[in-house]
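Welcome, and please get your viewer ready. We will go from one selection to the next, with a short note at each stop.

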Amino acid sequence: MSPYAWSTDDDEVALDAIIIGIASDEKAFTAAGIYYGPVTASIYWPDWITQGDMIKAALEGPYTVPEALARAETLRDLWAFNRIVIAIQDRGLWQREWGDLRETEGFD
């Protein structure tokens with residue numbers, strides 16, 4: 001499997017991709033002495049035309065990251081999106097067992 005393109009820029013958008021958004025407030029909660037729990041993920045996609053059908057933009061979640069990755073793979077295959085990309089709050093949230101991220105940041 002190819003490494004995922006990724007970005008921490010909230011304004012960057014991939015119009016040909018299923019996007020997995022990963023975020024956590026763990027640092028703030030931990031600083032307050034509160035256990036936060038696992039990192040969560042959402043899946044979203046832009047309007048997309050495939051085989052003459054219009055797929056409307058939408059958002060799903062929250063999921064665990066492994067659940068989001070599996071769901072995104074299913075949606076990518078179903079709707080023929082070109083790829084899956086990762087919009088991540090902080091690069092440090094990514095865990096190796098989820099797969100690989102590209103060396104450099106950006107969806108291009």
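One term first: a residue is called buried when its relative accessible area is under 20%, exposed when it is over 50%, and partly exposed in between, with a 1.4 Å probe and protein chains only. Helices (H or I, at least four residues) and strands (E, at least two) are DSSP runs, numbered from the N terminus.

What you have open is a predicted model, in which local features need pLDDT of at least 70 and side-chain atom pairs count only at pLDDT 80 or more, while totals for chains, interfaces and linings use all residues. Residues are numbered from 1 along each chain as its sequence is written, and side-chain values use heavy atoms, leaving out hydrogens and water.

**Stop 1: the whole chain.** Color by secondary structure and you should find 2 helices and 7 strands. Along the sequence they come in the order β-β-α-β-β-β-β-α-β. Of the 108 residues, 38% are buried.

**Stop 2: helix α2.** Now select residues 65-79, which form α2. Its 15 residues at 1.5 Å each should span 21 Å (the expected span is 1.5 Å times one less than the number of residues), and the end C-alpha atoms are indeed 21 Å apart. Show the side chains of Val65, Ala68, Leu69, Ala72, Leu75 and Trp79, which are buried. Look down the axis of α2: these buried residues fall within an arc of 130°, so they line one face of the helix. The arc is taken from the directions from the helix axis to the C-beta atoms. An α-helix has 3.6 residues a turn, so residues three or four places apart point the same way.

Which exposed residues sit on the face of α2 turned away from its buried side? They are Asp77 and Leu78. Just after α2, click on Ala80, whose phi is positive, near 60°.

**Stop 3: what α2 packs against.** Keep the buried residues of α2 on screen and add β2, β3 (40-45), β4 (48-50), β5 (53-55), β6 (58-64) and β7, against which they pack.

**Stop 4: strand β7.** Select residues 83-88, where 5 of the 6 residues of β7 are buried. Two strands count as paired if DSSP finds at least two bridges between them. Strand β1 (residues 5-7) pairs with β7 in the parallel sense over 3 bridges, and strand β2 (residues 17-23) runs parallel to β7 with 6 bridges. Finish by labeling Ile86 in β7: Trp6 stands opposite Ile86, and Ile86 is also the bridge partner of Ile20.

Technical notes:
Contact means heavy atoms within 4.5 Å.
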